[in-house]
Amino acid sequence: NSIPSGLTGFFQWGATAYQVEKVSFDIMNAMELQNTALGTAKAVAFFRKNKRMITCKVDAKFSDDLTMWTPSLTATTGTLFLQIGTTATKIFALYLPVANLMRPPDIPDGEETNNISFEMQALGVSGNDEAYFGCA
């Protein structure tokens, strides 16, 4: 099943849902191969050289009401839920239980298109649970 295009997507920050324009996320596992062992021509193991980091950027449009950026000014951490698609077998979801807002979004004035970008980093709650991905 391929990732659908042109479907409705929603982004939820806290208790408010917004329509998504674009989403990107990066997972940096910080894994290193052990390929310098004497007498070996191939990697013999791997190890973690740093903590895993998951970052996410969501671009969305909003109306002239201030519900989109008001939470970003007061809260630096929140919960992110992102859903793409509404048809069974074509629904993809991303859930970050604790997301740290890395930079408050730029707030356009009333004469510009109301686009806003949230950049956040996922934080672990109890181990390796920074992000959950699902398909249904």
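Strands here are DSSP runs of at least two residues, numbered from the N terminus, and Asp59, a residue to which this account returns, has its place in one of them, strand E5. The model is a predicted one, and the protein chain averages a pLDDT of 76, with 75% of the residues scoring at least 70. Confidence varies along the chain: among its elements, helix H1, residues 70-74, has the lowest mean pLDDT, 56, whereas strand E9 has the highest, 87.

The protein chain has 1 helix and 9 strands, and reading along the sequence one meets them in the pattern β-β-β-β-β-α-β-β-β-β. Of the contacts in the protein chain with a separation of 6 or more, 61% are accounted for by residues 24 or more positions apart. Buried residues make up 26% of the 136 residues in the protein chain, and its accessible surface comes to about 8900 Å², 54% of which belongs to carbon and sulfur atoms.

The interior can be followed through the largest nonpolar core, which has 17 residues, and in which Phe11, Cys56, Val58, Leu80, Leu94, Leu96 and Met120 touch the most other members. Two or more residues are given to this core by each of strands E1 (9-13), E2 (16-28), E5 (53-61), E6 (77-84), E7 (92-103) and E8 (115-122). Strand E7 provides the largest share, 4 residues.

Leu82 offers a view of how separate parts of the sequence come together. This residue is found in strand E6, and because its relative accessibility is 6%, Leu82 counts as buried, the cut-off for that class being under 20%. Setting aside residues up to four places away in sequence, Leu82 touches Phe10, Phe11, Val20, Val23, Phe92, Ala93 and Leu94. The C-alpha atoms of Leu82 and Gly9 are 7.3 Å apart in space, although the two residues are 73 residues apart in sequence.

Asp59, in strand E5, has a relative accessibility of 9% and therefore counts as buried. Which residues is Asp59 in contact with, leaving aside its neighbours within four places in sequence? They are Val20, Glu21, Lys22, Ile116 and Ser117. With one of these, Lys22, the side chain of Asp59 meets in a salt bridge, the distance from N to O being 3.7 Å. That pair links distant parts of the chain, since Asp59 lies in strand E5 and Lys22 in strand E2, 37 residues apart. The two partners fall into separate classes of accessibility, for Asp59 is buried at 9%, whereas Lys22, at 53%, counts as exposed.

How many salt bridges does the structure hold in total? The count comes to 3, and the remaining pairs can be taken in turn. The side chains of Glu32 and Lys49 meet in a salt bridge with an N to O distance of 3.2 Å. This pair, too, links distant parts of the chain: Glu32 is in strand E3 (residues 31-34), while Lys49 is in the loop between strand E4 (45-48) and strand E5, 17 residues apart. Glu32 has a relative accessibility of 32% and so counts as partly exposed, whereas Lys49, at 53%, counts as exposed.

The side chains of Glu130 and Arg52 also meet in a salt bridge, at 3.3 Å from N to O. Here the link runs between two loops in distant parts of the chain, with Glu130 between strands E8 and E9 (132-135) and Arg52 between strands E4 and E5, 78 residues apart. Glu130 counts as buried because its relative accessibility is 10%, while Arg52, with a relative accessible area of 23%, is partly exposed.

On the surface, Phe25, Ile27 and Phe133 form a nonpolar patch, with about 280 Å² of accessible area together. Phe25 lies in strand E2, and with a relative accessible area of 37% Phe25 is partly exposed. Strand E2 is thus a useful place to end, because, as a DSSP run, strand E2 is among the elements that give two or more residues to the largest nonpolar core, and strand E2 also holds Lys22, the salt-bridge partner of Asp59, as well as Phe25 of the surface patch.

How values were computed: Residues are numbered from 1 along each chain as its sequence is written. This is a predicted model: local features need pLDDT of at least 70, side-chain atom pairs count only at pLDDT 80 or more; totals for chains, interfaces and linings use all residues. Side-chain values use heavy atoms; hydrogens and water are left out. A nonpolar core is a set of buried Ala, Val, Leu, Ile, Met, Phe, Trp, Tyr and Cys residues joined through side-chain atoms within 4.5 Å. Buried means under 20% relative accessible area, exposed over 50%, partly exposed in between (1.4 Å probe, protein chains only). A salt bridge is a side-chain nitrogen of Lys or Arg within 4 Å of a carboxyl oxygen of Asp or Glu. Patches are made of residues with over 30% relative accessible area and no salt bridge: like charges are joined within 9 Å, nonpolar side chains (Val, Leu, Ile, Met, Phe, Trp, Tyr) within 5 Å. Accessible areas come from the Shrake-Rupley method with a 1.4 Å probe; for residues, only the protein chains shown count as cover. pLDDT is the predictor's confidence in each residue, from 0 to 100. Contact means heavy atoms within 4.5 Å.
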